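Trainee: I have a structure open on my screen and would like to learn how to read it. Could you take me through some features, one at a time?

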Amino acid sequence: MLFINLFENDLKLFLPEFFLVTAILTLVLYGSVYSVSKEYNYPLINVSTCWATIFTLVNTFILVLFTREVSSVIFNGTFICDLLSQNAKLFVIGATIVCLLISIPYVRNYQVNSFEYFLLILLAVFGLMLLCSSFDLISVYLAIELQSLCLYVLAAFNRESAYSTEAGLKYFILGAFASGLLLFGMSIIYGFTGTTNFEDLHILFSLDAENHQAIQTGIIFISCAFLFKMAASPFHVWSPDVYDGAPLNSTIFFAVVPKIALIVIFLRLFVFCFGSQPQYWQYLASFCAVSSVVTGSFMALKQRKLKRLLAYSSIGHVGYILIALSSGGLEGFHASMIYIVTYMLMGVGVWSVVSCLENNISVKRTRTLADLAMISRTNPVLAFSSAILIFSMAGVPPLAGFYAKFCVFTSSINASMYVYSILIILVSVVSTYYYIRLIKTVYFEKVSIKAFYKPISKEISLVLAFSFFFTIFFFINPNLLWLVTYEMVLCVVQ
């Protein structure tokens, strides 16, 4: 029997991934041939390649949307298509499109003459899509490595900057160490169970609640690897340096896109497979949740660079997600999914504000808090939008960030995690200080040297408007996102 006949239905469900791979190969040929064409005088094709990448992702989004309602385990249990994986793919693709729209002015202004950048973005999205659908430990590891290798190169993409090279090297070395932990934990699980399939692991762990000590060690190793990938404290040491050293468009992609796929596979692996062994990963997740919020809040207080401040802010937000996950119930899993989607939509707005800080003096340097001082005078609408988004990130009502944090704290309190909840609520007050400091800088900071910023591009204006209106609308009517995330979580909770 032919392979295509044996897996005919599986290939239909995997059509978005096949289309994405075909588009990547086509763009490789386009860039390789056209960019070195003497006939066309060696043209710069970065902007056109960026728009082609966006067009590819839009078509992939539509294909995923058409297969959203189908639920099936495909390719002999290697991948799964259900509402959790399909909705997560939609969020990943949508967030990537938004990040590319934000990056267009950066590519145009700095004339980045490397079309390979967008191919790496597409390959990273392909790896994240495979990660969302993974239903086997081997496919999980290969998908994580695919997207990680792309992210290493994206971090070090600015070859003229020593900071970018340093960021890529740190990310690669520490990421390789985390991948080793993940592979070691998976090998322990396979060695004592004889399977890597999630369905088989779910059945084995359900039948035998008291497993061997080595299996528990394997679960802890896998937990540490995933916490590193999510930049949770104390596994966060790579995050601020990578965020600060990487090019701005790469930093935006790191901060917004990969976390949703990691949360999805975290739910699939630890809730679906290891659900009968909660004590071996929930305690670690709870400790890392409190540690992340404390580290993110206090370390951000002394930051002057915007990218490092937002990196520590991201670490703090990971703590809120982890405290919801460690509650161990449907309500907590649902709250974590609401929080990560809300954070993604607020994050693209905040990062679009950072990308707007382009003045008429062409100086390639890291943005600092002082760059925010002139916004209220040069662009009052941008200043007001920035203030609303920052207030939402801080969790001030009536905005989307408050609703997301309220869901997290409600789930943790209902799970009788009173000590953890009180600690995180108290520390979150500290995090509010540095968010308010940003608003104080925007409106009340006095500067001796005036700087006139360039007009905001249409692409960034569109993204900023979308994020701004979502932040307000979601608090007023959260039903759509609530239902979408709830049906995602039901796929893993038995």
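**Reading the surface, the core and the charged pairs**

Mentor: Let us begin at the surface, where Val-58, Ile-62, Leu-65 and Phe-66 make up a nonpolar patch with about 380 Å² of accessible area together. This is a predicted model, in which local features need pLDDT of at least 70 and side-chain atom pairs count only at pLDDT 80 or more, while totals for chains, interfaces and linings use all residues. Residues are numbered from 1 along each chain as its sequence is written, and side-chain values use heavy atoms, with hydrogens and water left out.

Trainee: How is a patch defined, and how is its area found?

Mentor: Patches are made of residues with over 30% relative accessible area and no salt bridge; like charges are joined within 9 Å, and nonpolar side chains (Val, Leu, Ile, Met, Phe, Trp, Tyr) within 5 Å. Accessible areas come from the Shrake-Rupley method with a 1.4 Å probe, and for residues only the protein chains shown count as cover. In this patch, Leu-65 belongs to helix 4 (residues 46-66). Helices (H or I, at least four residues) and strands (E, at least two) are DSSP runs, numbered from the N terminus.

Trainee: Is Leu-65 buried, partly exposed or exposed?

Mentor: Buried means under 20% relative accessible area, exposed over 50%, and partly exposed in between (1.4 Å probe, protein chains only). Leu-65 has a relative accessible area of 43%, so we call Leu-65 partly exposed.

Trainee: Can I read a whole helix in that way?

Mentor: Yes, try helix 11 (residues 238-245), which is mostly covered, with 7 of its 8 residues buried. Among the buried ones are Trp-238, Pro-240 and Tyr-243. Asp-241 counts as partly exposed because its relative accessibility is 26%.

Trainee: Which residues touch the most other members of the largest nonpolar core?

Mentor: A nonpolar core is a set of buried Ala, Val, Leu, Ile, Met, Phe, Trp, Tyr and Cys residues joined through side-chain atoms within 4.5 Å. The largest one here has 174 residues, and Phe-198, Phe-226, Phe-254, Val-256 and Met-337 touch the most other members. Helix 16 (residues 330-355) gives this core its largest share, 16 residues.

Trainee: What is Phe-198 in contact with, beyond its neighbours within four places in sequence?

Mentor: Contact means heavy atoms within 4.5 Å. The partners of Phe-198 include Phe-135, Leu-137, Val-140, Ile-265, Arg-268 and Phe-272.

Trainee: How do I read a residue whose partners come from far along the chain?

Mentor: Take Ile-460, which sits in helix 21 (residues 458-476). Its relative accessible area is 2%, so Ile-460 is buried. Ile-460 and Ile-104 are 356 residues apart in sequence, yet 8.6 Å apart in space, C-alpha to C-alpha. Setting aside neighbours within four places, Ile-460 is in contact with Ile-102, Pro-105, Ser-352, Ser-355 and Cys-356.

Trainee: And what about charged side chains?

Mentor: Side chains of opposite charge can pair when their charged atoms come close. A salt bridge is a side-chain nitrogen of Lys or Arg within 4 Å of a carboxyl oxygen of Asp or Glu. The structure holds 7 salt bridges. One of them joins the side chains of Glu-17 and Lys-89 (2.7 Å, N to O). Glu-17 is in helix 3 (residues 15-34) and Lys-89 in helix 5 (residues 83-110), 72 residues apart, which links distant parts of the chain. Glu-17 is buried, because its relative accessible area is 1%, and Lys-89 also counts as buried at 1%.

Trainee: Which side chain meets Arg-268 in a salt bridge?

Mentor: That is Asp-82, at 2.8 Å, N to O. Arg-268 lies in helix 13 (residues 258-273) and Asp-82 in the loop between strand 2 (79-81) and helix 5, so the pair ties together parts that are 186 residues apart in sequence. Both Arg-268 and Asp-82 are buried.

Trainee: Where do Lys-170 and Asp-241 lie?

Mentor: Their side chains meet in a salt bridge (2.9 Å, N to O). Lys-170 is in helix 8 (residues 162-193) and Asp-241 in helix 11, so this pair ties together parts 71 residues apart in sequence. Lys-170 is partly exposed, because its relative accessible area is 30%. Salt bridges with shared partners join Glu-166, Lys-170, Asp-241 and Arg-308 into one network.
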